[in-house]
Structures are given as structure tokens and as C-alpha cells.
Amino acid sequence: MSFSALLDSLPIPIIQAPMVGASFDAMTVAVSEAGGMGTFAAATLAPDEIGPAIEAIRARTAAPFGVNLLMAPPASPTPAEVDAALARLAPWYADLGIEVPEHPNRFSQDLGAQIEALIRAAPTVASFTFSILTRAQVAAFHAAGSYVVGTANTVGEAKAWAEVGADGICAQGFEAGGHHAYFLADIEASSVGTMALVATVLEAVDVPVIAAGGIMDGRGVAAALALGAGAVQMGSAFLLADEATNGNTWQKALREAPDDATRLTRAFSGRYARGLENRFLREMAAAQNEVPAYPVQNRLTQAMRAAADKAGDPEMMSLWAGQAVTMARPGAAGEMVRLWWAQAQQTAQALALRTGAVRR
Ligand SMILES: Cc1cc2nc3c(=O)[nH]c(=O)nc-3n(C[C@H](O)[C@H](O)[C@H](O)COP(=O)(O)O)c2cc1C
């Protein structure tokens, strides 16, 4: 079966975005069982945890699901670089009443070993963000029976993924919550809205395109399908779901978010990501280009973010969310997916009337 046939076979062409820190296995299972496709966020798992986690999901659903890895580059900062970064964070740790962390031994999981574990586990779909696989790695996934989806912020990145043999492109627009996928150009050159990105990527590659960024309900789903997307990938729309794992403080901040509340920031992780504006984001804005690149800064702020969460203080947490997050609603993830699909069908009917494709 081609990847396009797999997407066509989904009862509901809605993919739940992998969300480190906000989604885990329960959401993946709920969305796949409802007829969409869940994606398990595996980036923070140790290589030997990946296979068992996938087996556990398989035991709970026979429907297809995806597994996602964030492709963190190897990091070996000098002790002086780590000291400087920690010194910048010291007042924030002091505010929380905790010690600045020790120099970590490791800044992220071993990506090569994670990829090998994922090939062995052979999920239906393996998706990747922040960099690109080699042609040989893509071939190894194919030999194992997995489809490969590469995330792109630009047409150039989509072409690069198609070139190494990816089966589909997740076109992530500038609206998107969380980290942005850019890996060929800087953030400014990689900031393309979902509508422009999906249309131009479709012109450039021959594989199915999954639209991501700013899609919050059935109208957005219908709009993306009208553009020619094979499916949509939604993240922020699930942030208040029963199965979401982002916790009370983050969810309260989302429910109370004012209009136009999100910003792109590099301050939390060393890589641009979109989240609700808060004190850390504002006060670190001037220094954000000086912090060490992902994953180093991400690791160094980890204890701060966790302590702030524990203290119920949203001002030092990375409250990742997309531009349309005020449209997020609570509920069971499976019911949300079914509701959005019903809305998309109503939208399509209204459009068919409006365009004269069908007569009243
Ligand atoms: C809290 C959060 C965590 C995310 N974590 C990941 C991740 O682990 N891997 C990934 O590929 N994308 C991740 N993303 C990005 C999503 O895959 C997707 O591109 C984005 O949510 C789409 O935009 P939307 O939030 O407007 O729906 C994350 C997004 C959010 C909001």
C-alpha cells in the first residue's frame, strides 16, 4: 500500500501531532481508535524504552499510529559555555528557591540508537523533525515496513525529504505551536504560513502533504483538504483534551490566554518554538540569540521549567501553543476528532452550495 492509500484509508484524515510534554500513549490510542491517526512523541524516551512503549500501544489498538522523534544534533559544549549559560539562568533558579543544576552528562537521548530502536519496532509511520534522515536510514525504515514522514517549514526542506525517499511531508506552517522544524535556513527564511506552505510544497513534491499549523476545528480541516493536503496534523487543538499530559498550570494559562498571546522564542531551548508569552520569554528576549543551541539550553532550563510547574508558576514554563490556541476546547480526544470531522463535512457541504458544485 502506498502512503497516500494509507491516508485515504483512514476513516478520519486527522493526525494528532506528537507533543513532547503534552501528549503520551493515551492520546495516541484514543485518536487512532476514533478513526484518526495518533502519533506517539518518543523524543524523550531512552532507546531501550521505545520498543516496549510501541508494543504497549499496539496491545491497545489495532489501528495505525505514528511515532515521532525530534532529531537533536549531538552536543558537546565546553564547560565554559555551560557555565555562562547557567550564570544567565541563575537569577531564575534563585527566584524559584532552587540551586542551579550541575553540568549534565548528557543533553539529549542518543539519536542514532533511538533511530535503530524505531526501525526495529517498525511502527506504521515514523516521523521526524529538526533534521533529515539519510537515504540509507529511510531505506531501512522501508525494509522494516514503516512509512517515513519528514517535517518541513520550507519548500527546500520538503524537496530534501522527498530526495531521500520520504513517503510524506508534514508541512508545518509558522502558526504552529511548539518547536519549529527548520533545518536548512534560519527562522526568518523558514517562517511560511500554512496556506502558502501547503500549496507550494504540493507543487514541488510528488508525495502526500500533511498540513500542520493553526488548524483548530473542522473548518480548518476542510480548508487544508481543499488546498490538496492528504491529511491534517493538529497539536494545539488537543492541549485541553482529557488525555493531554501538560498539567494544570499550563492548561489554566491556555484557558486564560488573551487574544494574540503567542510568540516565537529561542530562550527556553536554543531553538525557535511558539508558546504563550510569559515573564521568562519577555525578559530573555534580548539575550535569546546568545543562549546555547538546542538541545543544550533545553537541558539547562529543564529543572527550572519543572520546578515552576510544580510551584504552579506559569511565568517560567515553556507554555507551547499555536497562534489559534484560544480555540482549544476541553473534551475526550476521540470525541474531538469525530466532532471536527462532522464539522469538516458540514463545511464541505456549505462550500459545495456556495460554489454551485451542488444545487439547493
Ligand atoms: C506542546 C507541543 C509539543 C510539540 N512537540 C512536538 C514533537 O515532539 N514533535 C514534533 O514533531 N512536533 C511537535 N510539536 C509540533 C506539532 O507537531 C505541530 O507541528 C503543531 O502542533 C501544529 O500546529 P498547531 O499547534 O497550531 O496545531 C509540538 C507542538 C506542541 C503544541
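**Close-up views of a predicted protein model**

**View A. Eight strands side by side.** Here 8 strands form an open sheet with parallel pairing, in the order 1-9-8-6-5-4-3-2. Strands (E, at least two residues) and helices (H or I, at least four residues) are DSSP runs, numbered from the N terminus, and two strands pair if DSSP finds at least two bridges between them. Strand 1 (14–16) and strand 2 (39–41) stand at the edges with a single partner strand each, so one side of each has no neighbour in the sheet. On average, neighbouring strands of this sheet are turned by 25 degrees against each other, direction ignored. Angles run from 0 to 180 degrees between N-to-C directions, and the axes are lines fitted to C-alpha atoms, for helices over the stretch in contact.

A note before the next views: this is a predicted model, in which local features need pLDDT of at least 70 and side-chain atom pairs count only at pLDDT 80 or more, while totals for chains, interfaces and linings use all residues. Residues are numbered from 1 along each chain as its sequence is written.

**View B. A strand pair and a helix on the sheet.** Strand 4 (residues 125–129) pairs with strand 5 (residues 147–152) in the parallel sense over 4 bridges. Look for S127, whose bridge partner in strand 5 is V149. Helix 8 (residues 194–204) packs on the sheet and touches strand 5, strand 6 (168–172) and strand 8 (209–212). The direction of helix 8 makes about 170 degrees with that of strand 8.

**View C. V201 and its contacts.** Leaving aside neighbours within four places in sequence, V201 is in contact (C-beta atoms, placed from the backbone, within 7 Å) with A152, V155, A158, I169, A171 and V209.

**View D. A cis peptide bond.** The bond from Y294 to P295 is cis, with omega near 5 degrees. You will find P295 in the loop between helix 11 (279–283) and helix 12 (296–300).

**View E. Two residues with positive phi.** A122 sits in the loop between helix 5 (111–121) and strand 4. Its phi is near 45 degrees, a positive value in a residue other than glycine. D260, in the loop between helix 10 (247–255) and strand 10 (262–265), is not a glycine either, yet has a positive phi of about 55 degrees. A residue is buried if 20 or more other C-beta atoms, placed from the backbone, lie within 10 Å of its own, exposed if 12 or fewer, and partly exposed in between. A122 is partly exposed because 15 other C-beta atoms lie within 10 Å, whereas D260, with 9 C-beta neighbours inside 10 Å, counts as exposed.

Terms used:
Two residues are in contact if their C-beta atoms, placed from the backbone, lie within 7 Å.
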